[in-house]
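Subject: Structure handover

Hi,

Here's the structure I said I'd pass on to you. Have a look at it first, then read my notes underneath.

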Amino acid sequence: MNLKRYPDPEVPEELLDAIRSLPLKREVEHCGQRFVVSPFDIYATCPKCGIQLKTRSFSATTEVEDVFDAVFEWMNQPGAAELVRKRKELSKRTKIEHPKWGYC
Ligand SMILES: [Zn+2]
């Protein structure tokens, strides 16, 4: 049985740590006010002046949010949601039974 996946890039531990620690909200400041948006929002609207602000970069640099976007895209496939549900459940149980293992 061939378990080799293609493409098979090296995934640095630093990237995994960045994914695990991504905050659930992003703080944006405009007009002297701070407000929060999703870390995945590309734009935010200032609640005071109504201007649309870009909250993510479109540079050639890949951000950790781009990794999530790729996963979300993958999750749009038929059948992916069930695989994700099962993996999340196993991950939750493993974390409870083996807290030192963390996510696996
Ligand atoms: Zn504003």
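Before the details, one term: two strands count as paired if DSSP finds at least two bridges between them. Keep in mind, too, that this is a predicted model.

Let's put that term to use. Glu 29 stands opposite Arg 34 in S2, and His 30 stands opposite Gln 33 in S2. Both belong to a bigger pattern: strand S1, residues 26-30, and strand S2, residues 33-37, run antiparallel and are joined by five bridges. When you trace strands like these, remember that side chains in a regular strand alternate between the two faces of the sheet.

Now the turn. S1 and S2 form a hairpin with two residues between the strands. Cys 31 sits in that loop between S1 and S2, and its phi is positive, about 55°, although Cys 31 is not a glycine. Is Cys 31 buried or exposed? It counts as exposed, because it has 12 C-beta neighbours inside 10 Å, and the cut-off for exposed is 12 or fewer.

Stepping back, the protein has three helices and four strands. Starting from the N terminus, the order of elements is α-β-β-β-β-α-α. How much of the protein is buried? Of its 104 residues, 0% are buried. As for contacts with a separation of 6 or more, 19% of them are between residues 24 or more positions apart.

Further along the chain, look for Ser 57, in the loop between strand S4 (52-54) and H2. Ser 57 is exposed too, because 12 other C-beta atoms lie within 10 Å. Try finding Ile 42 from there: Ser 57 and Ile 42 are 15 residues apart in sequence, and their C-alpha atoms are 8.1 Å apart in space.

Last stop, helix H2, residues 64-75. Does its length come out as expected, or what does the sum give? At 1.5 Å a residue, its twelve residues should span 16 Å, and the C-alpha atoms at its ends are 17 Å apart, so the two agree. If you redo the sum, multiply 1.5 Å by one less than the number of residues. H2 is also hardly covered, with zero buried residues among its twelve.

Happy browsing!

Terms used. Residues numbered from 1 in each chain as written. Predicted model: local features only at pLDDT ≥ 70, side-chain atom pairs only at ≥ 80, totals over all residues. Buried ≥ 20, exposed ≤ 12 C-beta atoms within 10 Å, placed from the backbone. Contact = placed C-beta atoms within 7 Å.
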